[in-house]
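Hi,

Here is the structure I promised to pass on. My notes on its helix packing follow below.

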Amino acid sequence: MSDQTGKQLSKEEKDARFEAELLPVLDPLYNFAYRLTLDEDDANDLVQETYLKAYRFFDYFEQGTNAKAWLFRILKNSFINEFRKKSKQPAKVDYSEVEGYYNTDDVEGESGVATTTDMRTESVQDLIGDEVASALNALPVDFRTVIILCDLEGFTYEEMAKILDIPIGTVRSRLHRARNSLKEKLEKYAKSMGYNS
Amino acid sequence: MESKFTEAYPKTPDATREEECLRVSDMLDLMIDGEASTDEQQYFNKHIEECVSCFENHQKQKLLKGLVSGHLKRVIVPHSLVQSIKARIQETL
C-alpha cells in the first residue's frame, strides 16, 4: 500500500514479518477469492498468486499499515488482470454491462426478507445461509464484490475505494445497486416461503 | 397561466416531506455502514422518528446487511494452503 521504500531486510526478518503480518489475513482472503471465483481450486490458485506477489513486493510494504486492504487489492487486481483471462469459464457478467438492469428503486411495500422470531433453529439458520449464498452468487461479480467487502469483511468506503481503484461515490452507488439487486432476489425467496408481510 | 402553474406545483408541507424522505433514503447505506457524519445521523434519526415508512426502510436495510454478515457461511481454508504458499515462495526465490 505504501510507496515508501523499505530498508533492506534479511531473508529471515522478511520471512518472519511476512508470516506475522500477512498470513493472518489468509482466512478472509481465501473467502474473498472463493466468492469471486466460486470455485475452491481457483480460489486456492488466486490466493497463492496473491501471496507470491505480496512477498515479491514486501520490501515496499510499510509495517503497521493496512495489510488486509493491501492483500485484498492485490488479489482483486490478480483476479481482473490475469485470472479472469486465463479462466476457461465464460466471462462472468460485468457490472457495466448490466448497469441498466439495476436502476430500480421500487422496493417499498414488499416484504422483509425474513423475520427472526421463528427462525432460531439451526436447520433454518442453515437454510437462510444457503439462500443468502445463492442469491449473492447470482449477482454480477462487481456487485458481489462490494457486498462482501462491506458487509462480510467490514471495510470502510475509503478502504473499498482503494482496493477497487474507484472513487468513493462509485463505491456508494455500486453498493446501493448491489443491495437492491440482492434484496430483490431474497424477497422472491421470502415470498416463495410464504412470508408476505 | 402563471397561477395555474403555481397550482399544479403547490409548495405544501407534503412536498417538503417527500424531499426529506428522498434525502433520508439516499442516506440509508451511509447509516447502516456507519459512514454518516454526526449531522447526517441527527437529521436521519429525527426524520425516522416521525416517518413510519422511512423507519421501516431502515429496518429492512439493516436486516439485509445482517443476513450477509450473520448468515453467510465462511468457507474453510484448506489445511495445505499455507504450506503451498510457503513452498511456492521458496521455489521462486
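In which hand of crossing does H2(A) pass H3(A)? The crossing is right-handed (clockwise turn of the near helix from the far one by less than a right angle; anticlockwise would be left-handed).

Some housekeeping: this is a predicted model, with local features needing pLDDT of at least 70 and side-chain atom pairs counting only at pLDDT 80 or more, while totals for chains, interfaces and linings use all residues. Residues are numbered from 1 along each chain as written, chains are lettered from A and ligands numbered from 1 in the order written, and side-chain values use heavy atoms, without hydrogens and water.

Helix H2 (residues 26-37) and helix H3 (residues 40-56), both of chain A, pack at about 130° with axes 8 Å apart (lines fitted to C-alpha atoms over the stretch in contact, angles from 0 to 180 degrees between N-to-C directions; helices are DSSP runs of H or I, at least four residues). H2(A) and H3(A) are therefore oblique (not under 35, over 145 or 65 to 115 degrees). In H2(A), Tyr30(A) and Tyr34(A) are among the residues that meet H3(A), where the partners include Leu46(A) and Val47(A) (heavy atoms within 4.5 Å).

H3(A) also packs across the chains: its axis and that of helix H6 (residues 80-92) of chain B come within 10 Å and cross at roughly 45°. That makes this pair oblique as well, and the crossing of H3(A) and H6(B) is right-handed. The contact includes Val47(A) and Tyr51(A) from H3(A), and Ile85(B) and Arg88(B) from H6(B).

Best wishes

Terms used: Helix = DSSP H or I, 4+ residues; strand = E, 2+ residues; numbered from the N terminus.
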